[in-house]
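The following paragraphs examine how aromatic side chains pair with one another. Please consult the sequence and the coordinates shown below while reading.

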Amino acid sequence: MPDQYPKDDVSDAEPIGADVSDALAASEDSGADSAATSLSDSLGEAASTIEGLIEDHEEEVSENGQTVKRRGVFLLPNLFTTGALFCGFYAVVAAMRGDYETAPIAILFALVLDGLDGRVARLTNTTSKFGAEYDSLADMVSFGVAPALVMFSWALGDLGKVGWSASFIYVACVALRLARFNTQVGVGDPNFFIGLASPAGACIMACTVWVCQDQGWVGAALPVEIAVTVAALTAVVAILMVVNVPYHSFKGFDLHGRVPFVAILAVVLVFGLVTVDPPKILLLASLAYALSGPIARLRRWRSE
């Protein structure tokens, strides 16, 4: 007897379910594409806004005898400059916290990074006017402001006006030294600096704090005589940076050529000597370099 109520045809139902699934999937894909497009447009607008707020750097360079304009800055040498700037800033922060062991070490790290940025730029042919100016400003912080504030926080602050006057004289002389150096690039003998270089002066200041920290001369344990001596040392080093006294720049050393075997042995002995007592050895070396200029000038005057 035939069924009065025939069953639904399954083959007809399946395509309907598939069509619904396809429609839902298409709707989801369309929604995802729309969201991705909206996000991309938003990021593009944000990038355009930032680009409008921060103007890209452009400077004129000489290429094949012609002056052309180039946009952007070189990353590699400026990374070293930024590292030196950070070390100088961190030295100030450490001194404000009373950490007079980390502060001078941070300044010495800034000295190393400052010595690398220019050499890296020349080796990779990435020198630029922007890099030179950025390096000068970083030097002002790392070798001018940072040593002065570390010295003031450690010892000169207890001397009142004498202390902050000595700190200001140091900062001002570093600024004058850097300004004169920037205006005399390419003038004179490159093997000599006119005046004590600011990194060398900062090394004296940092090593002085480091040595006294090792001796326990911090805070109330710091003798007044030491504080007065340090103030005089700060002023003398500041004056040496602006006087017309030549200092050897050591730029004439050829690091690419062959050297006698004894030269490598001497380097090993120097490293071994420094590891005996780093703060005292570095302080003595930097003081000897600071005195080398006036001594050479006195010998020249006597010979004349």
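Rings of Phe, Tyr and Trp, the last represented by its six-membered ring, are taken as a pair if their centres lie within 6.5 Å. The model considered here is predicted, and by this rule the count comes to five aromatic pairs.

One of these pairs is formed by Phe 181 and Phe 193, whose ring centres are 6.4 Å apart and whose planes meet at 70°. Planes over 60 degrees apart count as edge-to-face, and the pair is therefore assigned to that class. The contact links distant parts of the chain: Phe 181 belongs to helix α5 (residues 161-183), Phe 193 belongs to strand β3 (residues 192-194), and the two are 12 residues apart. The partners also differ in accessibility class, for Phe 181 is partly exposed with a relative accessible area of 36%, whereas Phe 193, at 16%, counts as buried, the cut-off for burial being under 20%.

A further pair joins Phe 250 and Tyr 289. Their ring centres lie 5.9 Å apart with the planes at 35°, so the arrangement is tilted. Phe 250 is located in the loop between β4 (246-248) and α8 (261-276), while Tyr 289 is part of helix α9 (residues 278-303); the pair therefore ties together parts that are 39 residues apart in sequence. Here Phe 250 is partly exposed, at 45% relative accessibility, and Tyr 289 is buried, at 18%.

Which residues do ring pairs link into a cluster? Phe 250 and Tyr 289 are joined in this way with Tyr 247.

How values were computed: Residues numbered from 1 in each chain as written. Predicted model: local features only at pLDDT ≥ 70, side-chain atom pairs only at ≥ 80, totals over all residues. Heavy atoms only, no water. Phe/Tyr/Trp six-rings, centres within 6.5 Å; stacked < 30°, edge-to-face > 60°. Helix = DSSP H or I, 4+ residues; strand = E, 2+ residues; numbered from the N terminus. Buried < 20%, exposed > 50% of the residue type's maximum accessible area, 1.4 Å probe, protein only.
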